[in-house]
Amino acid sequence: MCWYTPMPMTKRSVVTEVVVKSNGLGLEVDNKRFVMNINGYMKETETGLQSSLGEKVTSLGEMISLDSRSRPIWFTVNQAPVLILGGFQGYKIILVSDSEFADFTAVEVGIDSCWIGSVNCPLDSFSSSIFDAIATESVLLLRQNQLVYYFTGNYSVLSLPVPGSSLWTRVLNNICVSRLNPVPFPHNGSEFVIALGGGVQEGEFFLGTIRDGAVRFPESHAKGRKTVCEHLKISCAILWAVYVTEEEVIVLLVEGKKKSSKSDYYIMAYDQADGDFWMLYSIPRFIPKDTEKGFVMLLGLEEYTDYLLIPRGLSYNPFSTIFYIWGNVILQSYDLLNYIQLSDFPQRSPISYFILSYVGEFVCVTVSEEIWFSVEGSSVVVRLYPSEPWDTYFSLQLMRGSKDFSFNETFVSLFFNKEGLQQLVYIPDGRGEGQLIKRNFPLHYILSYRHLIIHRYHWLYLQDSQYIRFFHPCSFSVMRFKDLPAPQRFTRMEHYCTEPPDVMDRTGFHNNVSLAVYQGLIFQLLWLHADYSRPYADPVHDPTWRWWKNRKQYAEYFFYVASNGNSSGGVYVNMEGYTKTYDLQPNNQLPSKIYLDKNNVYSFSVFLSIRSKAQNMGEMLEENSLDFVWLTIVLAHPKFVVSDLHRHYLRGRGSVLYSVTISDTGEYPQQELSGMNLLKSSMALKLCQVINSATNCYHYTVSGPKLQGYAMVPIFIGCPPGKRLAFDITRTLKYTTKQNKHYFDCIHKNPELPCFFFNDVFYPFFLIQDMVTGDSGPFMGSYTLRIIGGGPYSESRIRFYSPSEILNYNTANGSTPLSLIWMRANRTKPALTDPEGFNVFSGTDCGIKWVCEQNSPCYDVVPVDLTAPDYFFLVEVSNRAVDKSTYCDYDLEFVIHIHGLRLSPSRAIAFMKISMAVLTGIVFLYVLQQVLGPVIGAGFTRLIQRFEESLAVRTESTITFSGSSSIQSQGSSHHTSAL
């Protein structure tokens, strides 16, 4: 059976996923997640869709061999719609996928492979391979040899100011680039990539900025300043770079080539704002000796082996603030200054690439294709592949006949997504072809199998019966979360309920008409969702209110028609089936992330139980005792977030209950727009008395074993997305009318833009609307109000004022006197202003009076008809730097229609003179008409009579003359006949 679903497309988003879940009826269906991103690198041709990046490659058999090495997939996390993968030896080919490699297209990129070595950029060997490939939201970047290219996608939904590329564009034309380093997270609306210099530019780096599809690489940081090598006063090269966006600091791994130095490798920091370098850490030359504790603290007092410590790269998790130096060792730090070595990782095979999940796990792949795993904050590093647990799981899959596993498979890549660790493998079919398969890496299976292999069972005799008993590394058997708050307030995810239309056909099956109607309804709903950010607040805080507000009264009629099978088009749409959901309930699982505004509190409970007496099979005390069950919370930013834990014994139930509270301290100094520039932080739950609980504690579910005993939840500190400030026009009209005892609207009324009378005091009120939870309440914080634009007669004539004009028209600190447009209505209390002089209002003190002084733009507006002139003001309201109750920078712009503006005194006097003159003339004419009217009327009557008399006389004489002429003519004719 085929299932159809409408495809939601929203503005400013090219990343979409569909999750199909069972409704609990009929056969059990596993949940399935589909990635359906927008691919902006395709073009329409006569033969159909083709890739804009180059020529399509149909066969991968020649490019991938059994001895091919795997390589990383680099992309902007949760933002890149298309992923790319290069690294095919001898081929300028990349794999392109808009579904996280559920399917893909192999493309030979259209770039020239013509680079040759030079004195400034020596080249050891030439290759056509794509060495570094990075995907961002709207741009793909890659490096071939020392050349860097980018390609901008065609994404109309992003409203990019630059058009999509038709060809690959080369950047850093005169630079010898040795490596590209990705920056996994955007900052301040921009994405970044770091290019490391080689050859004559060795020791330099270039921070590229990608914003709205435009790629910009500024000149080297070293122009006019010292390079890092000059700062260290040695010959050096930069091996890796990490950009810490929150602090605008670039951390560099520098290899010193001066053999007399104490250490060959350094961790350096570069401040983007000041342009200064400073040393963070000097890496030891040799690997420290193992202390058999799983880690070695590098204090300078430890003993060292004779093996050289060779770092190859850096990684940084902004959520946990853990920094890694990796190579033939793994060094870990929380502050970039003090380090520990994870000594479980052997130095025999250096790390090739390092992968972070950003939710508490990391995986590294060595040059010999070994896969190692660890949990952040833990000292245990476990080899996943090759290993005995892997061989066990692999054999079981082959026995099941799984097509995702094969003896001849080639490991291609490894990456994390929302479903966990994913592996790409190439499986040949024996005929020179094969297929690239993405599969879930069996992380939890391997760790649980590892536990059963390491902790061998032993025989146990209990009540004359023989049992097999395994050691329990966890001192608890059940871990549950309870009393979680409603998720939407903290996860900031909006939900809509959209039921498909009912089909009038007796079979009940949907057809093209019903599917088209459903798609149109979804499109309309999302349009309403995007359009709901209007500055004027609706009377009902719900995007769907405008949809049905004028049709609700006909709902019963349409239902009656549908119940008789007579609906238009054969479908019936239930208005109640398209609503926004505000009351989701928690499912006793920690959310994937939480957002905290100023002084917000997130609380829940953790329930831990030991095995009951019926389940107890002679465990030791540390295996099954409440005294060995202790929970701890690890916070990444304890200055901004604090936690409280309260332990409650439930001895009758063999359990403990922890009440956990995560609170924002209110110390975060930033105030930003909704959802912008949030501080990435995290909380991690750990069982502190359980040895390596993160990798040893698990429980079995229907879908297989799952790790427990450790949980990390990302925390975003700042203004949560989905909160906005809106102009409360309903309350403003009511309160303004009440205070002024009247309300005068415009002659031509506009329900979307009501008018306010110039002489009335204006009392604006505002709402804080939560688009996620549906909460809407008055804004009681402090804010500034300023007029930033305006124009007479109509909205189309509004112009924006310059900064100096804004200062003149809104404050007394301007350079031009008598230029105020408005002033406070309450002049009895001292005015509260910000440092620039703008008035600061609050929810209880908000009255303003329109004045339009002599040098203001609304002074002396000429009327265009017989009514008083109108003016449209563009108002900006902001709480930035004046409101300490929130991290949100509420910035609102809206238009106010003011009518009844006063005329200037000179123009008013002129109008009065003209009016008096016209009025006097009218009165004079009226009096003249009353006095002289009868005389003039009598004279005019006599004149008419005389004219009539004269006309009559003339007519009579004309008739007489005509009669006499006729008689004479008749006499003449008789006389002629006689003759």
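# Briefing: disulfides, pockets and overall build

Turn about the S-S bond of Cys121 and Cys176 and you get a torsion of about 60°, so this disulfide is right-handed. Cys121 sits in the loop between E9 and strand E10 (132-135), while Cys176 is in the loop between strand E13 (169-171) and strand E14 (177-182), so the bond ties together parts that are 55 residues apart in sequence. Keep in mind that this is a predicted model. Searching the whole structure turns up five disulfides, and the chain around them holds 11 helices and 62 strands.

**Overall build**

- The protein runs to 979 residues, and its radius of gyration is 41 Å, whereas a compact globule of that many residues would come in near 30 Å.
- Laid along its principal axes, the C-alpha trace covers about 170 × 80 × 80 Å.
- Buried residues account for 48% of the 979 residues.
- Take the contacts between residues at least 6 apart in sequence, and 60% of them turn out to join residues at least 24 apart.

**Disulfides**

- As a reminder for the bench, a disulfide is a covalent bond between the sulfur atoms of two cysteines.
- In the Cys121 and Cys176 pair, the sulfur atoms are 1.9 Å apart, and both cysteines are buried.
- Cys229 and Cys236 also pair up, with 1.8 Å between their sulfur atoms.
- Which hand does the Cys229 and Cys236 disulfide have? Its S-S torsion is about -100°, so this disulfide is left-handed.
- Cys229 has 10% relative accessibility and counts as buried because the cut-off for that class is under 20%. Cys236, at 3%, is buried too.
- Another disulfide joins Cys719 to Cys888, at an S to S distance of 2.0 Å. The torsion here is about 95°, so the bond is right-handed.
- The Cys719 and Cys888 pair bridges distant parts of the chain, 169 residues apart: Cys719 is in the loop between strand E51 (710-717) and strand E52 (723-727), and Cys888 is in the loop between strand E61 (870-878) and strand E62 (891-899).
- Cys719 has a relative accessible area of 2% and is buried, and Cys888 is buried at 0%.

**Two further cysteines**

- Buried or partly exposed: which is Cys364? With a relative accessible area of 0%, Cys364 is buried.
- Cys497, by contrast, has 29% relative accessibility and counts as partly exposed, because that class takes in values between 20% and 50%.

**Cavity**

- Rolling a probe the size of a water molecule over the atoms shows where empty space is left.
- How many cavities of 30 Å³ or more are there? The count comes to one.
- The largest cavity has a volume of about 50 Å³.
- Its lining is made up of Arg731, Pro764, Phe765, Phe766, Pro778, Phe779, Met780, Tyr783, Ser842, Gly843 and Cys846.
- By class, the lining of the largest cavity breaks down into eight nonpolar, two polar and one charged residue.

**Second largest pocket**

- The second largest pocket holds about 1300 Å³ of space.
- It is lined by 48 residues, and those closest to its centre are Phe131, Asp132, Arg143, Ser178 and Arg179.
- Strand E7 (83-85), E10, E14, strand E15 (191-197), strand E18 (236-244) and strand E29 (351-356) each put at least two residues into this pocket's lining.
- Which strand gives the most to the lining of the second largest pocket? That is E18, with four residues.
- The pocket's lining has 21 nonpolar, 17 polar and 10 charged residues.

**A look at Asp103**

- Asp103 is in the loop between strand E8 (93-97) and strand E9 (105-109).
- Its relative accessibility is 44%, so Asp103 counts as partly exposed.
- Leaving out residues up to four places away in sequence, Asp103 touches Ser97 and Asp98.
- The C-alpha atoms of Asp103 and Leu436 are 8.4 Å apart, although 333 residues separate the two along the chain.

Terms used:
Residues are numbered from 1 along each chain as its sequence is written. This is a predicted model: local features need pLDDT of at least 70, side-chain atom pairs count only at pLDDT 80 or more; totals for chains, interfaces and linings use all residues. Side-chain values use heavy atoms; hydrogens and water are left out. Buried means under 20% relative accessible area, exposed over 50%, partly exposed in between (1.4 Å probe, protein chains only). Contact means heavy atoms within 4.5 Å. On a 1 Å grid over the protein atoms alone, a cavity is a set of points where a 1.4 Å probe fits but cannot get out, and a pocket is an open set with protein on both sides within 12 Å along at least five of seven lines; lining residues have an atom within 4 Å of a point. Grid points are joined across faces, edges and corners, and a volume is the space filled by probe spheres set on the points. Ala, Val, Leu, Ile, Met, Phe, Trp, Tyr, Cys and Pro count as nonpolar, Asp, Glu, Lys and Arg as charged, and the others, Gly among them, as polar. A disulfide is a pair of cysteine sulfur atoms within 2.5 Å. The radius of gyration is taken over C-alpha atoms; the globule rule is 2.2 Å times the number of residues to the power 0.38.
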